[in-house]
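Student: Can you walk me through this structure? I'd like to start with a helix and then look at a sheet.

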Amino acid sequence: MSALLVATFLLLLDVNHVFAVRAQVSHISAALQRERNMHTPLYDCPHCIDKQSNTSSTSRPDVKDIDIIVTYSDHSGAVQVRSIKSGDLSASWVWKSPGDVTHDLTKNSLSQIVHDPFPPKMSSRDIVEDSSNDHQSGVEMPQTQASPMHPVKLKRQMLRRERRERRTADLIKQEKEIDNQMQEVAIERARELDTTVRGKYSIWRKEYENPNSDSTVKLMRDQIIMAKAYATIAKAKNETMLYNSLIKHSRESQLSIQEATTDAELHPSALDQAKAMGHILATAKDRLYDCVTIARKLRVMLQSSETNVNLSKKKSSFLNQLAAKTVPRPLHCIPLVLTTDYHLRNYEGKDFPGKEKLEDPSLYHYAIFSDNVLATSVVVNSTMLHAKELDRHVFHIVTDKLNFAAMKMWFLVNAPVGAAIQVQNVDDFTWLNSSYCPVLRQLESSRMIEYYFKAHQSSSLTAGSDNLKYRNPKYLSMLNHLRFYLPEVYPKLDKVLFLDDDIVVQKDLTPLWSVNLQGMVNGAVETCKESFHRFDKYLNFSNPKISENFDPNACGWAFGMNIFDLREWRKRDITGIYHHWQEMNEDRTLWKLGTLPPGLITFYNLTHPLERSWHVLGLGYDPALNQTEIQNAAVVHYNGNYKPWLDLAIGKYRSYWSRYVMFDNFYLQLCNLNE
């Protein structure tokens with residue numbers, strides 16, 4: 001080892017001369033030999049410090065300052081090279097006599113080191129073999145004892161070890177913090193995950209399909225469009241054969257596609273058909289292509305397609321509104337059979353028990369205004385099934401003259417256990433006349449009759465479809481406007497829960513009577529979400545009468561389940577407010593029709609918002625509602641055209657309503673109303 005250090009030191013000495021003049025190898029060797037005799041290798045030996053005072057005059061020869069190249073490994077393990085002067089060495093580095101070196105350095109070994117300054121490292125096995133060979137050859141290796149490590153070096157090693165330990169501890173701590181954060185995020189996402197919505201997180205949804213799964217279908221549809229464009233141009237230029245070929249391939253491609261939306265649904269021969277169409281289109285392009293003509297033809301085809309789409313939308317809207325107004329045969333049969341039995345069995349003279357409860361303000365009173373017997377029965381059945389204190393519930397049902405006998409007959413035969421029932425005929429309210437009610441007065445005017453029954457009558461399937469919904473009978477029925485006259489209908493009551501006939505009750509509603517309305521008249525669930533269902537959706541804010549009195553961003557709410565404080569109603573004259581705005585809208589410039597817009601105006605700043613879980617809406621038009629919200633709701637509302645008793649109903653929502661239908665009832669079976 002000492003010989004190696006001597007050779008390395010002598011090699012690095014005056015290295016510029018070694019690399020500058022390679023031709024003078026013999027002179028370099030002589031110079032290196034002289035340097036070897038003059039200087040000794042440097043050792044990091046702490047015990048030499050004691051000898052420093054005795055050897056200070058002889059340990060460092062009087063030579064010129066020498067450049068020493070030092071290599072070492074930094075804390076990251078990278079090899080670093082640094083140049084220092086021999087005069088800058090610390091006192092612990094001493095010059096030692098060459099005679100102390102056990103193995104003398106020969107010329108051959110020196111030249112070997114010169115040519116190979118970095119010899120390969122020997123493995124432990126090689127060292128063992130080498131030592132054994134030396135013993136066999138009679139050469140004795142001196143027994144050298146490991147000198148104690150210098151305190152400075154020892155301290156550096158301790159500092160490096162401490163840094164590694166601190167860094168390791170910091171990394172472990174950081175990893176644990178990251179793991180804890182990931183666990184918290186995973187737990188939070190698991191809580192928000194709606195596992196009740198089937199298929200919502202399925203990998204089979206269309207979002208996860210191959211984005212190019214319909215590339216061939218799209219290609220063939222584009223080919224058909226171009227073929228039609230070229231066919232028109234070919235016909236105009238009397239290219240009969242090309243025209244016939246384009247038309248033939250268009251029909252064949254259309255037959256190959258049919259109703260396919262993905263490539264997997266195509267006929268196996270579709271790809272061959274697409275190739276054949278490509279060839280004929282290439283021929284047509286070579287013979288007929290003109291940029292201006294093609295652009296003009298495609299523009300005409302685009303306009304024609306837009307016209308067809310708009311026409312289809314109008315047809316769909318018309319048929320949708322028509323289906324919503326149509327009464328299914330079983331629902332038409334039920335009131336007929338009930339009315340017949342009502343008169344044949346002399347039920348006219350019979351009345352409901354519990355008349356003393358009808359005007360008792362300490363009980364729970366419900367108001368239902370409907371001409372649909374089956375829907376009303378579901379509302380009553382679902383309410384009583386979840387109600388507490390069954391003998392404290394009173395249902396006030398108001399219907400029209402046509403359905404009065406059927407409604408009364410149903411509840412006489414199928415009276416809910418414990419509840420009191422009252423069925424009234426709206427035509428018996430003599431105070432509800434045109435002199436008192438602006439809506440009745442407007443309906444009797446010639447202009448309103450013209451609007452409803454003559455001016456907008458459809459002469460075809462699509463004409464006037466935009467106005468068809470405003471000719472819905474519900475807008476002409478006083479049952480729809482009777483909600484604004486609750487104090488007149490029930491003068492002895494203090495609070496009433498108003499329920500539409502297209503709702504289903506899923507929880508006990510009696511806590512609503514204990515809600516503090518904070519001086520408000522109406523308790524309802526707000527329906528606004530971000531910019532939707534606010535006042536500007538229902539009212540005409542271009543009219544100063546509206547814009548000067550109402551905030552367009554005010555949150556809307558919904559009829560269907562409303563708790564009304566009739567004492568505050570009478571105190572604030574809510575019916576008078578309704579009459580005032582209804583008369584101002586005689587020309588229908590403030591809002592169109594219906595009861596929600598005048599309701600928003602009448603109860604403006606007089607509505608107390610209830611928790612959303614009390615009333616979930618949209619089951620009659622929105623197929624993407626949250627299933628968990630529906631199941632946790634106290635009341636679900638089928639507002640919209642897709643009522644649960646119609647064939648239009650959204651299938652996954654129908655069960656919430658049908659579970660409360662008495663399918664085993666004699667009258668329902670007689671009318672073939674089945675599950």
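Tutor: First, a definition: helices (H or I, at least four residues) and strands (E, at least two) are DSSP runs, numbered from the N terminus. Next, this is a predicted model, where local features need pLDDT of at least 70, side-chain atom pairs count only at pLDDT 80 or more, and totals for chains, interfaces and linings use all residues. Residues are numbered from 1 along each chain as its sequence is written, and side-chain values use heavy atoms, with hydrogens and water left out.

Student: OK. What phi does Q258 take, just after α9?

Tutor: A positive one, of about 50°.

Student: And which residues of α9 are buried?

Tutor: L242, S245, L246, H249, S250, S253, S256 and I257. Buried means under 20% relative accessible area, exposed over 50%, and partly exposed in between (1.4 Å probe, protein chains only).

Student: Why are they on the same side of α9?

Tutor: They cover an arc of only 135° around the axis, so they sit on the same side of α9. That arc is taken from the directions from the helix axis to the C-beta atoms. In general, an α-helix has 3.6 residues a turn, so residues three or four places apart point the same way.

Student: What does the face turned away from the buried side carry?

Tutor: Exposed residues: T240, M241, R251 and L255.

Student: What covers the buried residues of α9?

Tutor: The cover includes α8 (215-236) and α10 (270-288). Contact here means heavy atoms within 4.5 Å.

Student: Now the sheet. What is the order of its seven strands?

Tutor: β7-β6-β5-β8-β11-β10-β12, in an open sheet with mixed pairing. Two strands pair if DSSP finds at least two bridges between them.

Student: Which strands stand at the edges?

Tutor: β7 (420-425) and β12 (607-609). Each has a single partner strand, so one side of each is left without a neighbour in the sheet.

Student: How many bridges join β5 to β6?

Tutor: Six, and the two strands run parallel. I368 stands opposite I397 in β6.

Student: Which strands does helix α13 lie across?

Tutor: Helix α13 (residues 373-385) lies across β5, β6 and β8 (495-499), at about 170° to β6. Axes are lines fitted to C-alpha atoms, for helices over the stretch in contact, and angles run from 0 to 180 degrees between N-to-C directions.

Student: Last one. Is Q424 buried or exposed?

Tutor: Buried, with a relative accessible area of 18%. Q424 is in strand β7. Not counting residues up to four places away in sequence, Q424 touches I397, V398, T399, F404, F429, V489 and Y490.
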